[in-house]
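Let's take a friendly walk through this model, from the overall chain to its charged pairs, its core and its rings.

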Amino acid sequence: MTVFGNPRQAALAVLAAGAALALAACSPTPSGTTDTSAPASASVPATAGSSITASPSPSASPNTSATVGAVVEGFPQQLLPLMPGSTVVSSSFDKASAPATAALVASITAPTASIIDFYTKALEGQGFKAVPGEAVGAVASKDFVRGDSETVNLSVVEAAGVATFTIGANVAAESAK
């Protein structure tokens with residue numbers, strides 16, 4: 001196992017792993033199932049010669065695909081576009097679950113307000129409505145709803161001039177395009 005070169009890399013790895021675990025926890029599946037369509041592990045080069053490695057979760061739906069360092073194949077980029085200038089930390093997508101779930105973790109050197117503004121405009125343009133509230137504790141967090149059952153959450157953490165954001169959606173399968 002490679003040791004992370006600095007605390008920022010370790011924090012990003014923990015955030016990516018947390019997002020993947022959260023997505024897997026939201027998908028009810030039979031115990032012991034794994035994604036056979038994805039490679040056994042994916043690795044992304046990081047600075048200082050270290051790498052981050054992820055393996056499929058045994059609790060993930062067989063239709064869930066996830067990757068580190070890129071937008072996973074089939075990801076609904078019209079629903080959740082990548083903010084220009086962002087670097088993908090991890091992404092995941094399960095269009096077979098009900099609701100379909102998608103999650104993206106990325107970082108950018110931009111203020112939190114500009115990230116929230118970008119995604120608010122993108123989501124409101126698709127009929128989502130912002131829910132009152134701007135934070136959960138000290139973390140910037142914004143929720144959006146559409147209809148009776150479609151939700152999106154955006155959260156942003158800023159450190160040392162870099163903002164890392166997580167955006168996740170639970171939507172009808174036909175919305176996940």
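What share of the contacts in the protein chain with a separation of 6 or more comes from residues 24 or more positions apart? The share is 53%, where contact means heavy atoms within 4.5 Å. Before going further, please note that this is a predicted model, in which local features need pLDDT of at least 70, side-chain atom pairs count only at pLDDT 80 or more, and totals for chains, interfaces and linings use all residues. Residues are numbered from 1 along each chain as its sequence is written, and side-chain values use heavy atoms, with hydrogens and water left out.

**Overall layout**

The protein chain has two helices and ten strands, taken as DSSP runs numbered from the N terminus (helices H or I, at least four residues; strands E, at least two). Along the sequence, these elements follow the pattern α-β-β-β-β-β-α-β-β-β-β-β. The protein chain has 177 residues, and 40% of them count as buried. Here buried means under 20% relative accessible area, exposed means over 50%, and partly exposed lies in between (1.4 Å probe, protein chains only). About 9,100 Å² of the protein chain is exposed, with carbon and sulfur atoms supplying 60% of that area; the areas come from the Shrake-Rupley method with a 1.4 Å probe, and for residues only the protein chains shown count as cover.

**Charged pairs**

Side chains of opposite charge can pair when their charged atoms come close. Searching the whole structure gives three salt bridges, each defined as a side-chain nitrogen of Lys or Arg within 4 Å of a carboxyl oxygen of Asp or Glu.

| Salt bridge | N to O distance |
|---|---|
| K121 and D117 | 3.2 Å |
| K142 and E134 | 2.9 Å |
| E150 and R146 | 2.6 Å |

K121 and D117 sit four residues apart in helix α2 (residues 112-124), about one turn of the helix. K121 is exposed, at 56% relative accessibility, while D117 is partly exposed at 38%. In the second pair, K142 is buried, with a relative accessible area of 7%, and its partner E134 is partly exposed at 48%. In the third pair, E150 and R146 are both buried.

**The nonpolar core**

In soluble globular proteins, nonpolar side chains tend to be buried together. The largest nonpolar core in this model holds 29 residues, of which L80, I115 and F165 touch the most other members. Such a core is a set of buried Ala, Val, Leu, Ile, Met, Phe, Trp, Tyr and Cys residues joined through side-chain atoms within 4.5 Å. Among the elements that each supply at least two residues of this core are α2, β8 (139-146), β9 (150-159) and β10 (162-171). Leaving aside residues up to four places away in sequence, I115 touches M83, I108, A110, L154, V156, A163 and F165.

**Aromatic rings**

The structure holds three aromatic pairs. Rings of Phe, Tyr and Trp (its six-membered ring) pair if their centres lie within 6.5 Å; planes under 30 degrees apart count as stacked, over 60 as edge-to-face and the rest as tilted. The rings of F118 and Y119 have centres 4.8 Å apart and planes at 90°, so this pair is edge-to-face. F118 is partly exposed, at 25%, whereas Y119 is buried, at 0% relative accessibility.

How do Y119 and F165 meet, and what are their ring angle and distance? Their ring centres lie 5.5 Å apart with planes at 50°, so the pair is tilted. Y119 belongs to helix α2 and F165 to strand β10, so this pair ties together parts that are 46 residues apart in sequence. Ring pairs link F118, Y119 and F165 into a cluster.
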